[in-house]
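This briefing covers two topics: pairs of charged side chains, and a pocket. Keep the structure open while reading the points below.

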Amino acid sequence: MTSTADTARLAEGLREQTGRIARAVAGRAPDTRVPTCPDWPLRTLVGHIGQEHRWAAELVYSGQQSPVPDPYRADPGTPDEWADWLREGAEELITAVRQVGPERESATFAGPRPAAFWLRRMLGDTCIHHYDAAFATGAAFEIADDLATEVIDEHLDLLSLPAFAAFRPAVAALRGRGERLGFRPTSAAGWVVTRTPRALHWQREQPVEADAVASGKVADLMLVLARRIPPEDDRVAVTGDRALLDHWLTHSAL
(Lines give C-alpha, C1' and ligand atoms only; values in the text may rest on other atoms or scores of the structure.)
Protein backbone atom coordinates (compact mmCIF):
# COMPACT_ATOMS: atom_id res chain seq x y z
CA MET A 1 0.00 0.00 0.00
CA THR A 2 2.13 2.84 -1.31
CA SER A 3 0.72 6.34 -1.29
CA THR A 4 1.28 8.59 -4.26
CA ALA A 5 1.16 11.55 -1.87
CA ASP A 6 3.92 12.33 0.59
CA THR A 7 3.25 12.61 4.30
CA ALA A 8 3.16 16.40 4.16
CA ARG A 9 0.40 16.35 1.55
CA LEU A 10 -1.58 13.76 3.53
CA ALA A 11 -1.38 16.00 6.59
CA GLU A 12 -2.28 19.09 4.59
CA GLY A 13 -5.22 17.27 3.04
CA LEU A 14 -6.47 16.08 6.43
CA ARG A 15 -6.36 19.64 7.79
CA GLU A 16 -8.07 20.98 4.67
CA GLN A 17 -10.91 18.47 4.64
CA THR A 18 -11.43 18.62 8.41
CA GLY A 19 -11.64 22.41 8.17
CA ARG A 20 -14.24 22.13 5.43
CA ILE A 21 -16.31 19.81 7.60
CA ALA A 22 -16.06 22.32 10.46
CA ARG A 23 -17.41 25.04 8.17
CA ALA A 24 -20.17 22.79 6.80
CA VAL A 25 -21.54 21.95 10.26
CA ALA A 26 -21.15 25.42 11.78
CA GLY A 27 -24.36 26.62 13.39
CA ARG A 28 -26.34 23.50 12.46
CA ALA A 29 -28.75 21.70 14.74
CA PRO A 30 -27.24 18.61 16.39
CA ASP A 31 -30.20 16.45 15.36
CA THR A 32 -29.93 17.32 11.64
CA ARG A 33 -30.25 14.02 9.80
CA VAL A 34 -27.33 12.81 7.68
CA PRO A 35 -28.99 11.00 4.73
CA THR A 36 -25.78 9.30 3.56
CA CYS A 37 -25.18 7.93 7.08
CA PRO A 38 -28.86 7.09 7.54
CA ASP A 39 -28.89 6.23 11.22
CA TRP A 40 -26.84 9.23 12.33
CA PRO A 41 -27.74 12.74 13.41
CA LEU A 42 -25.17 15.42 12.63
CA ARG A 43 -23.81 15.40 16.18
CA THR A 44 -22.87 11.73 15.84
CA LEU A 45 -21.10 12.36 12.53
CA VAL A 46 -19.11 15.22 14.05
CA GLY A 47 -18.30 13.13 17.11
CA HIS A 48 -17.21 10.17 15.00
CA ILE A 49 -14.78 12.22 12.92
CA GLY A 50 -13.05 13.79 15.90
CA GLN A 51 -13.16 10.51 17.81
CA GLU A 52 -11.54 8.44 15.07
CA HIS A 53 -8.74 10.97 14.56
CA ARG A 54 -7.92 10.78 18.27
CA TRP A 55 -8.22 6.97 18.25
CA ALA A 56 -5.81 6.72 15.33
CA ALA A 57 -3.37 9.03 17.11
CA GLU A 58 -3.41 6.71 20.13
CA LEU A 59 -2.69 3.73 17.87
CA VAL A 60 0.27 5.54 16.34
CA TYR A 61 1.72 6.39 19.74
CA SER A 62 1.15 2.94 21.25
CA GLY A 63 1.91 0.89 18.15
CA GLN A 64 -0.85 -1.51 19.25
CA GLN A 65 -4.36 -2.11 17.99
CA SER A 66 -7.37 -1.19 20.13
CA PRO A 67 -11.12 -1.64 19.59
CA VAL A 68 -12.87 0.68 17.16
CA PRO A 69 -14.72 3.25 19.27
CA ASP A 70 -18.49 3.57 19.28
CA PRO A 71 -19.48 6.82 17.47
CA TYR A 72 -22.54 7.19 19.68
CA ARG A 73 -20.25 7.51 22.70
CA ALA A 74 -18.24 10.38 21.25
CA ASP A 75 -18.77 13.77 22.87
CA PRO A 76 -17.93 16.66 20.55
CA GLY A 77 -19.49 19.19 22.93
CA THR A 78 -21.98 21.84 21.92
CA PRO A 79 -22.26 23.00 18.30
CA ASP A 80 -20.19 26.10 19.02
CA GLU A 81 -17.35 23.77 20.13
CA TRP A 82 -17.48 21.50 17.09
CA ALA A 83 -14.95 23.37 14.95
CA ASP A 84 -12.28 23.24 17.66
CA TRP A 85 -13.12 19.59 18.44
CA LEU A 86 -12.64 18.60 14.82
CA ARG A 87 -9.46 20.58 14.18
CA GLU A 88 -7.85 19.46 17.45
CA GLY A 89 -8.47 15.79 16.60
CA ALA A 90 -6.86 16.14 13.17
CA GLU A 91 -3.86 17.90 14.69
CA GLU A 92 -3.46 15.14 17.29
CA LEU A 93 -3.09 12.56 14.54
CA ILE A 94 -0.78 14.70 12.41
CA THR A 95 1.41 15.38 15.46
CA ALA A 96 1.48 11.70 16.43
CA VAL A 97 2.72 10.63 12.99
CA ARG A 98 5.31 13.39 12.92
CA GLN A 99 6.61 12.60 16.40
CA VAL A 100 6.95 8.82 16.02
CA GLY A 101 7.99 9.06 12.36
CA PRO A 102 5.82 8.09 9.39
CA GLU A 103 7.76 4.85 8.83
CA ARG A 104 7.55 3.54 12.39
CA GLU A 105 5.57 0.30 12.56
CA SER A 106 2.02 0.56 13.87
CA ALA A 107 -0.71 -2.02 14.42
CA THR A 108 -3.62 -1.95 11.96
CA PHE A 109 -6.52 -4.18 11.03
CA ALA A 110 -4.41 -5.20 8.01
CA GLY A 111 -1.38 -6.17 10.08
CA PRO A 112 1.70 -4.07 10.92
CA ARG A 113 2.02 -0.98 8.72
CA PRO A 114 3.96 2.30 8.81
CA ALA A 115 2.38 4.97 11.01
CA ALA A 116 1.55 6.99 7.88
CA PHE A 117 -1.03 4.27 7.13
CA TRP A 118 -3.32 5.90 9.70
CA LEU A 119 -2.84 9.36 8.26
CA ARG A 120 -3.83 8.03 4.85
CA ARG A 121 -6.73 5.97 6.22
CA MET A 122 -8.14 8.90 8.17
CA LEU A 123 -7.73 11.21 5.19
CA GLY A 124 -9.85 8.83 3.10
CA ASP A 125 -12.56 8.57 5.72
CA THR A 126 -12.54 12.31 6.38
CA CYS A 127 -12.93 13.17 2.69
CA ILE A 128 -16.01 10.96 2.44
CA HIS A 129 -17.46 12.31 5.68
CA HIS A 130 -16.88 15.82 4.37
CA TYR A 131 -19.33 14.91 1.62
CA ASP A 132 -21.76 13.50 4.22
CA ALA A 133 -21.63 16.73 6.21
CA ALA A 134 -21.97 18.94 3.13
CA PHE A 135 -24.88 16.91 1.75
CA ALA A 136 -26.69 17.01 5.10
CA THR A 137 -26.31 20.76 5.54
CA GLY A 138 -26.46 22.01 1.97
CA ALA A 139 -22.87 23.26 2.08
CA ALA A 140 -20.57 23.10 -0.94
CA PHE A 141 -18.45 19.97 -1.25
CA GLU A 142 -14.96 20.65 -2.55
CA ILE A 143 -11.97 18.37 -2.88
CA ALA A 144 -8.78 18.72 -4.91
CA ASP A 145 -8.28 16.16 -7.66
CA ASP A 146 -5.06 14.86 -6.13
CA LEU A 147 -6.82 14.14 -2.82
CA ALA A 148 -9.74 12.41 -4.53
CA THR A 149 -7.21 10.34 -6.50
CA GLU A 150 -5.44 9.41 -3.27
CA VAL A 151 -8.75 8.35 -1.70
CA ILE A 152 -9.51 6.05 -4.64
CA ASP A 153 -5.98 4.58 -4.55
CA GLU A 154 -6.29 3.88 -0.83
CA HIS A 155 -9.76 2.39 -1.24
CA LEU A 156 -8.54 -0.06 -3.87
CA ASP A 157 -5.41 -0.83 -1.88
CA LEU A 158 -7.50 -1.90 1.11
CA LEU A 159 -9.86 -4.04 -0.95
CA SER A 160 -6.87 -5.75 -2.56
CA LEU A 161 -5.31 -6.80 0.75
CA PRO A 162 -5.98 -10.51 1.43
CA ALA A 163 -6.19 -9.76 5.16
CA PHE A 164 -8.94 -7.19 4.65
CA ALA A 165 -11.58 -9.86 4.01
CA ALA A 166 -11.22 -10.97 7.64
CA PHE A 167 -12.15 -7.43 8.69
CA ARG A 168 -14.88 -6.99 6.04
CA PRO A 169 -16.08 -10.51 5.04
CA ALA A 170 -18.24 -9.19 2.18
CA VAL A 171 -15.06 -8.25 0.30
CA ALA A 172 -14.34 -11.94 -0.37
CA ALA A 173 -17.28 -11.93 -2.81
CA LEU A 174 -15.39 -9.49 -5.03
CA ARG A 175 -13.00 -12.19 -6.24
CA GLY A 176 -13.83 -13.53 -9.66
CA ARG A 177 -12.58 -15.13 -12.85
CA GLY A 178 -10.75 -12.31 -14.55
CA GLU A 179 -13.57 -9.77 -14.83
CA ARG A 180 -12.32 -6.19 -15.18
CA LEU A 181 -13.88 -3.01 -13.83
CA GLY A 182 -12.71 0.42 -14.92
CA PHE A 183 -13.04 3.89 -13.44
CA ARG A 184 -12.21 6.57 -16.01
CA PRO A 185 -11.70 10.17 -14.85
CA THR A 186 -12.02 13.01 -17.30
CA SER A 187 -8.53 14.44 -16.80
CA ALA A 188 -6.06 11.66 -15.90
CA ALA A 189 -5.22 7.97 -16.17
CA GLY A 190 -7.93 5.77 -14.71
CA TRP A 191 -8.13 2.64 -12.59
CA VAL A 192 -8.67 -0.91 -13.76
CA VAL A 193 -9.47 -3.64 -11.23
CA THR A 194 -9.11 -7.30 -12.16
CA ARG A 195 -11.03 -9.87 -10.14
CA THR A 196 -9.13 -13.15 -9.83
CA PRO A 197 -10.05 -16.28 -7.84
CA ARG A 198 -7.56 -15.49 -5.07
CA ALA A 199 -7.37 -11.71 -4.92
CA LEU A 200 -8.11 -8.36 -6.50
CA HIS A 201 -5.48 -6.55 -8.53
CA TRP A 202 -5.64 -2.95 -9.67
CA GLN A 203 -3.48 -0.58 -11.65
CA ARG A 204 -3.63 2.84 -13.27
CA GLU A 205 -4.24 2.63 -17.02
CA GLN A 206 -4.71 4.96 -19.95
CA PRO A 207 -6.92 4.27 -21.83
CA VAL A 208 -9.30 2.44 -19.51
CA GLU A 209 -10.67 -0.73 -21.08
CA ALA A 210 -12.79 -3.10 -18.99
CA ASP A 211 -16.00 -5.13 -18.88
CA ALA A 212 -17.73 -2.30 -17.01
CA VAL A 213 -16.53 1.30 -16.96
CA ALA A 214 -17.71 4.26 -14.90
CA SER A 215 -16.62 7.65 -16.23
CA GLY A 216 -16.75 11.10 -14.65
CA LYS A 217 -14.80 13.67 -12.70
CA VAL A 218 -12.39 12.10 -10.24
CA ALA A 219 -14.32 13.45 -7.23
CA ASP A 220 -17.54 11.92 -8.56
CA LEU A 221 -15.86 8.56 -9.16
CA MET A 222 -14.62 8.72 -5.58
CA LEU A 223 -18.20 9.23 -4.41
CA VAL A 224 -19.48 6.34 -6.54
CA LEU A 225 -16.83 4.02 -5.09
CA ALA A 226 -17.76 5.21 -1.60
CA ARG A 227 -21.43 4.54 -2.41
CA ARG A 228 -22.38 8.16 -1.78
CA ILE A 229 -23.84 8.76 -5.23
CA PRO A 230 -25.36 6.04 -7.43
CA PRO A 231 -23.90 5.06 -10.81
CA GLU A 232 -27.02 6.43 -12.52
CA ASP A 233 -26.27 9.93 -11.21
CA ASP A 234 -26.08 12.47 -14.04
CA ARG A 235 -22.46 13.21 -13.15
CA VAL A 236 -21.41 9.66 -14.04
CA ALA A 237 -21.64 7.56 -17.22
CA VAL A 238 -21.58 3.75 -17.12
CA THR A 239 -20.85 1.51 -20.08
CA GLY A 240 -20.60 -2.26 -20.32
CA ASP A 241 -21.77 -4.78 -17.74
CA ARG A 242 -23.80 -2.75 -15.24
CA ALA A 243 -24.54 -5.84 -13.11
CA LEU A 244 -20.81 -6.33 -12.61
CA LEU A 245 -20.47 -2.77 -11.31
CA ASP A 246 -23.52 -3.14 -9.07
CA HIS A 247 -22.13 -6.33 -7.57
CA TRP A 248 -18.84 -4.55 -6.86
CA LEU A 249 -20.56 -1.66 -5.11
CA THR A 250 -22.72 -4.01 -3.04
CA HIS A 251 -19.71 -5.83 -1.60
CA SER A 252 -17.03 -3.14 -1.42
CA ALA A 253 -18.04 -1.00 1.55
CA LEU A 254 -15.13 0.00 3.80
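Glu232 is exposed, because its relative accessible area of 53% is over the 50% cut-off. The model that gives this value is predicted. Glu232 also takes part in a salt bridge, and the points below start from that pair.

**Glu232 and Arg242**

- The side chains of Glu232 and Arg242 form a salt bridge, with N and O 2.7 Å apart.
- Glu232 lies in the loop between H7 and strand S7 (237-240), and Arg242 lies in helix H8 (residues 242-251), so the pair ties together parts that are 10 residues apart in sequence.
- Arg242 has a relative accessibility of 31% and therefore counts as partly exposed.

**A network and the total**

- Arg9, Glu12, Glu16 and Asp146 are joined into one network by salt bridges that share partners.
- In total, the count of salt bridges comes to 17.
- Side chains of opposite charge can pair when their charged atoms come close.

**Arg54 and its two partners**

- Arg54 forms a salt bridge with Glu88, and the closest N and O atoms are 3.9 Å apart.
- Arg54 belongs to helix H2 and Glu88 to helix H3 (residues 82-100), so this salt bridge ties together parts that are 34 residues apart in sequence.
- Arg54 also meets Glu92 in a salt bridge, at 3.8 Å from N to O.
- Glu92 lies in helix H3 and Arg54 in helix H2, so this pair ties together parts that are 38 residues apart in sequence.
- Is Arg54 buried or exposed? Arg54 counts as buried, because its relative accessibility of 14% is under the 20% cut-off.
- Glu88 counts as partly exposed at 46% relative accessibility, and Glu92 is partly exposed with a relative accessible area of 38%.

**The largest pocket**

- Rolling a probe the size of a water molecule over the atoms shows where empty space is left.
- The volume of the largest pocket is about 830 Å³.
- The lining of this pocket has 36 residues, and the closest to the pocket centre are Arg121, Asp125, His129, Arg168 and Leu254.
- Which helices each supply at least two residues of the lining? They are H2 (42-62), H4 (116-137), H5 (145-160), H6 (164-167) and H7 (218-225).
- Helix H4 gives the largest share of the lining, 7 residues.
- By type, the lining residues divide into 20 nonpolar, 9 polar and 7 charged.

Note on methods
Residues numbered from 1 in each chain as written. Predicted model: local features only at pLDDT ≥ 70, side-chain atom pairs only at ≥ 80, totals over all residues. Heavy atoms only, no water. 1 Å grid on protein atoms, 1.4 Å probe; cavity = no way out; pocket = protein on both sides within 12 Å on 5 of 7 lines; lining within 4 Å. Points joined across faces, edges and corners; volume = space filled by probe spheres on them. Helix = DSSP H or I, 4+ residues; strand = E, 2+ residues; numbered from the N terminus. Nonpolar A, V, L, I, M, F, W, Y, C, P; charged D, E, K, R; others polar. Salt bridge = Lys/Arg side-chain N within 4 Å of Asp/Glu carboxyl O. Buried < 20%, exposed > 50% of the residue type's maximum accessible area, 1.4 Å probe, protein only.
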